[in-house]
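These are my notebook entries on one structure. I set down what I looked up, entry by entry.

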Amino acid sequence: MRLLALENLSKVYNKNTRSETRVLQNCSFILNKGDFLIISGESGSGKSTFLNIAGLLDKEYDGEYTIRGQAVEKHNSNQLAILRNEMFGIVFQDYVLVEDASAYENIIIPLYYSKKYKRKERRNRIHEITQTLKIEDILNKSVSQLSGGQRQRVAIARALINDPDVLLLDEPTSALNQDLAQGILQFILSFGQKHHKTIVLVTHDTQNIPNVFNKHYQLADGKMTLC
Ligand SMILES: Nc1ncnc2c1ncn2[C@@H]1O[C@H](COP(=O)(O)OP(=O)(O)OP(=O)(O)O)[C@@H](O)[C@H]1O
Ligand SMILES: [Mg+2]
């Protein structure tokens, strides 16, 4: 089943100014339910730019974006916020956490806007996810006091907490040492398989792509190519 499609996608930063930067040019992208998809490309090729658009955080682009057969542009900003919260769990490359809130407060943000879980289920989910990510004992700490790897795991917990259909992961284990990175990626992938999630993983490590991935797009020179 087709979950989302982007057609003729182009993105230009600072259009018509001296710092105009063309990033994506007439890209096409299709995501089906259950896909485990890799996006690779050199630094600056537009991977994060693409994820921001796919994750409904950036509306400044040219092209047609359809989610479950519906044009994204037909949604108002309130509907888009709800759709984003229900559908996507996003781990940003630079985490985007609320610095002066605690790890716990950051993790539960997606639950505020969601009716998916009752109080007890919420508690269980928080416990299970934070235990697996080994961040249970830092939950009360302010994000500003956390290490890079701890922040990254808080961001992963926040992305998983509301059980989204699609995980958009921008190098989600880049700040972790190799063993922890392996373990946490494995956890995300088996979580994805067990719960029939759809996963988009941005990575530069194309040597070691786990074999659960079924699609690979490469970004270069503004173009997205299916490998
Ligand atoms: N907010 C912005 N304003 C202007 N230019 C931007 C902005 N964000 C990104 N760019 C430019 O767009 C291009 C693509 O950036 P992007 O962050 O999408 O690359 P990337 O593939 O994610 O790189 P990396 O692997 O280093 O994370 C770069 O040339 C970057 O300088
Ligand atoms: Mg990036």
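**Entry 1: S45 and E42**

I began with the side chain of S45, one polar atom of which lies 2.7 Å from the backbone oxygen of E42. The model is predicted, and I read this distance as a value computed from it. I located S45 in the loop between β3 (36–41) and α1. I then asked whether S45 is buried or exposed. Its relative accessible area is 12%, so S45 is buried, the cut-off being under 20%.

**Entry 2: Helix α1**

I followed the chain from that loop into α1. Helix α1 covers residues 47–54, and six of its eight residues are buried, so the helix is largely enclosed by the rest of the structure. Which residues of α1 are the buried ones? I listed K47, T49, F50, L51, I53 and A54.

S48, which also lies in α1, has a relative accessibility of 26% and therefore counts as partly exposed.

**Entry 3: L56, just after the helix**

I looked up the backbone just after α1 and found a positive phi of about 65 degrees at L56. In general, most residues other than glycine have a negative phi. I noted the value for this reason, since L56 is a residue other than glycine with a positive phi. L56 belongs to the loop between α1 and β4 (62–67). With a relative accessible area of 5%, L56 is buried.

**Entry 4: H196, another positive phi**

I recorded H196 as a further residue other than glycine with a positive phi, here near 55 degrees. H196 sits in the loop between α7 (178–194) and β8 (198–202). Is H196 buried or exposed? Its relative accessible area is 59%, so H196 is exposed. I set this beside L56, which is buried at 5%.

**Entry 5: The magnesium ion**

I asked which residues coordinate the magnesium ion, ligand 2. They are S48, through its atom OG, and Q93, through its atom OE1, at 2.0 to 2.2 Å. S48 lies in helix α1 and Q93 in the loop between β6 (88–91) and α3 (103–107), so the pair ties together parts that are 45 residues apart in sequence. Q93 has a relative accessible area of 40% and is therefore partly exposed. S48 is likewise recorded as partly exposed, at 26%.

**Entry 6: Ligand 1**

I turned to ligand 1 and looked up the 13 residues around it. S43, G44, K47, T49 and Q93 come nearest. Where do the residues of this shell come from? Strand β2 (21–32) and helix α1 each supply at least two of them. The largest share, three residues, comes from α1. By class, I noted two nonpolar, nine polar and two charged residues in the shell.

I then wrote down three polar contacts of ligand 1:

- G46: a backbone N or O atom lies 3.0 Å from an oxygen atom of the ligand.
- T49: an N or O atom of the side chain is 2.5 Å from an oxygen atom of the ligand.
- Q93: an N or O atom of the side chain is 2.7 Å from an oxygen atom of the ligand.

On its own, ligand 1 has 630 Å² of accessible area, and the protein covers 61% of this. I marked Q93 in particular, for Q93 coordinates the magnesium ion and has a side-chain contact with ligand 1. T49 is one of the buried residues of α1 and also has a contact with ligand 1.

**Entry 7: Cysteines**

How many disulfides does the structure hold? I found zero. A disulfide is a covalent bond between the sulfur atoms of two cysteines. C27 is in no disulfide, and the nearest cysteine sulfur, that of C227, is 13 Å away. A disulfide would require the sulfur atoms to be within 2.5 Å. C27 has a relative accessibility of 2% and so counts as buried. C227 is in no disulfide either; its relative accessible area is 60%, so C227 is exposed.

**Entry 8: N162**

My last search concerned N162, in the loop between α6 (148–161) and β7 (166–170). N162 has a relative accessible area of 2% and is therefore buried. I compared its position with that of Y112: the two are 50 residues apart in sequence, and their C-alpha atoms are 9.7 Å apart in space.

Notes: Residues are numbered from 1 along each chain as its sequence is written. Chains are lettered from A and ligands numbered from 1 in the order in which they are written. This is a predicted model: local features need pLDDT of at least 70, side-chain atom pairs count only at pLDDT 80 or more; totals for chains, interfaces and linings use all residues. Side-chain values use heavy atoms; hydrogens and water are left out. Buried means under 20% relative accessible area, exposed over 50%, partly exposed in between (1.4 Å probe, protein chains only). Helices (H or I, at least four residues) and strands (E, at least two) are DSSP runs, numbered from the N terminus. Donors are N, O and S atoms within 2.8 Å of the metal (3.2 Å for Na, K and Ca); water is not among the atoms, so sites may look incomplete. A residue is near a molecule or strand if one of its heavy atoms lies within 4 Å of it. A polar contact is a pair of N or O atoms within 3.5 Å; within protein, one must be able to donate a hydrogen and the other to accept it, and residues adjacent in sequence count only if both atoms are side-chain atoms. Accessible areas come from the Shrake-Rupley method with a 1.4 Å probe; for residues, only the protein chains shown count as cover. Ala, Val, Leu, Ile, Met, Phe, Trp, Tyr, Cys and Pro count as nonpolar, Asp, Glu, Lys and Arg as charged, and the others, Gly among them, as polar.
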